[in-house]
Amino acid sequence: MALTADTIAALAAHLDACQTQVRDTPKITDEHPEMDWQDAYAIQAELLRLKLARGRRVAGLKAGLTSFAKMRQMGVTSPVFGWMTDDYAVPEGGEVRTAELIHPKVEPEIAFVLKKPLKGPGCHIAAVLEATDFVLPGIEVIDSRYRDFKFDLKSVIADNTSAARFVVGGRPMRPEDCDLRTCGVVMEKNGVPVAFGAGAAVVGHPATAIAMLANHLGERGQEIPAGTLILSGGITEAVAVEAGDSVRLHVQGMGSTSLRFI
Ligand code: 0L1
Ligand code: MG
């Protein structure tokens, strides 16, 4: 690691303050170009520790930058991983207070809920499908704490992959009852379709993103517990939203889920 424990703690506190005070910041690698991958995930872990110390609990995990569209949009080549706490969860059809966010965007995703734990290394798509209880539509609200969403991969990892809010719902399906590669998604903003795609946009198959997450955690001696909700990654580019917008995601065979920005 390139950063000291004090610097890691200070950077996590800075990103935490940006989120709670709804203000943006230049990317942290501007000040700390020596920051390495381990530092980035250590800052993310310290951010989580701060939240748990305030009484929050982990509500799920996420893979990000998993679609070729997102990778192209952000100019990166590898996925990133993060977590969501209970205060990020929006009830189905519920409201998101835009004043609590900096510059929100929404992503259409397929969420997985596990019935068995998953542990890497060596986790693969078949193990994920066997461990999955059900899949369902999920909308992720991302809100990078970095000015104008301008960041590099290490900065975005430290910022918990821009996680901010999420909603899941619709009609959960068993993974054996659907083809997650070809299943189509349509996301509407204010009733107008704004993003379309199919599951294969997420690293070829959304379950592969879950296997990548299990392998990432396995390298750190961690596993994904049974019962965990995981957002497998945006299927299309993220769409900017503002107060007054409503967003609905339809996933083939799984119904739809929605939220509103007030
Ligand atoms: O969930 C995601 O794909 C977001 C990853 C972070 C990059 C961004 O803020 O767009
Ligand atoms: Mg996402």
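This tour moves through a predicted model, from an annotated domain to a ligand shell and then to a strand with its partners.

**The annotated domain.** Begin by selecting residues 78-257. An unreviewed UniProt entry annotates this span as "domain: Fumarylacetoacetase-like C-terminal". Within the selection, 15% is helix and 34% is strand. The C-alpha atoms at the two ends of the span lie 28 Å apart.

**The surroundings of ligand 1.** Next, select ligand 1 and display the 17 residues around it. Which of these come nearest to the ligand? They are Gly-64, Ile-142, Ser-144, Thr-161 and Ser-162. The elements that contribute two or more residues to this shell are β1 (58-64), α3 (68-74) and β5 (132-142). If the shell is coloured by class, 7 nonpolar, 6 polar and 4 charged residues appear.

**Strand β4.** Now select residues 105-114, which form strand β4. Why is this strand described as largely enclosed by the rest of the structure? The reason is that 8 of its 10 residues are buried; a residue counts as buried if 20 or more other C-beta atoms lie within 10 Å of its own.

**The partners of β4.** Keep β4 in view and add β5, the strand that also gives residues to the ligand shell. β4 and β5 are antiparallel and share 10 bridges; Glu-107 faces Glu-140 of β5. Then add β10 (residues 239-240), which is joined to β4 by 2 bridges in the antiparallel sense. Here Val-106 is opposite Val-239. Finally, add β9 (residues 229-231), an antiparallel partner connected to β4 by 3 bridges. In this pairing, Ala-111 has Leu-231 as its bridge partner.

Definitions and conventions. Residues are numbered from 1 along each chain as its sequence is written. Chains are lettered from A and ligands numbered from 1 in the order in which they are written. This is a predicted model: local features need pLDDT of at least 70, side-chain atom pairs count only at pLDDT 80 or more; totals for chains, interfaces and linings use all residues. UniProt positions are given in the numbering used here, feature names are shortened, and annotations may be inferred rather than shown by experiment. Helices (H or I, at least four residues) and strands (E, at least two) are DSSP runs, numbered from the N terminus. A residue is near a molecule or strand if its C-beta atom, placed from the backbone, lies within 6 Å of it. Ala, Val, Leu, Ile, Met, Phe, Trp, Tyr, Cys and Pro count as nonpolar, Asp, Glu, Lys and Arg as charged, and the others, Gly among them, as polar. A residue is buried if 20 or more other C-beta atoms lie within 10 Å of its own, exposed if 12 or fewer, and partly exposed in between; C-beta atoms are placed from the backbone. Two strands pair if DSSP finds at least two bridges between them.
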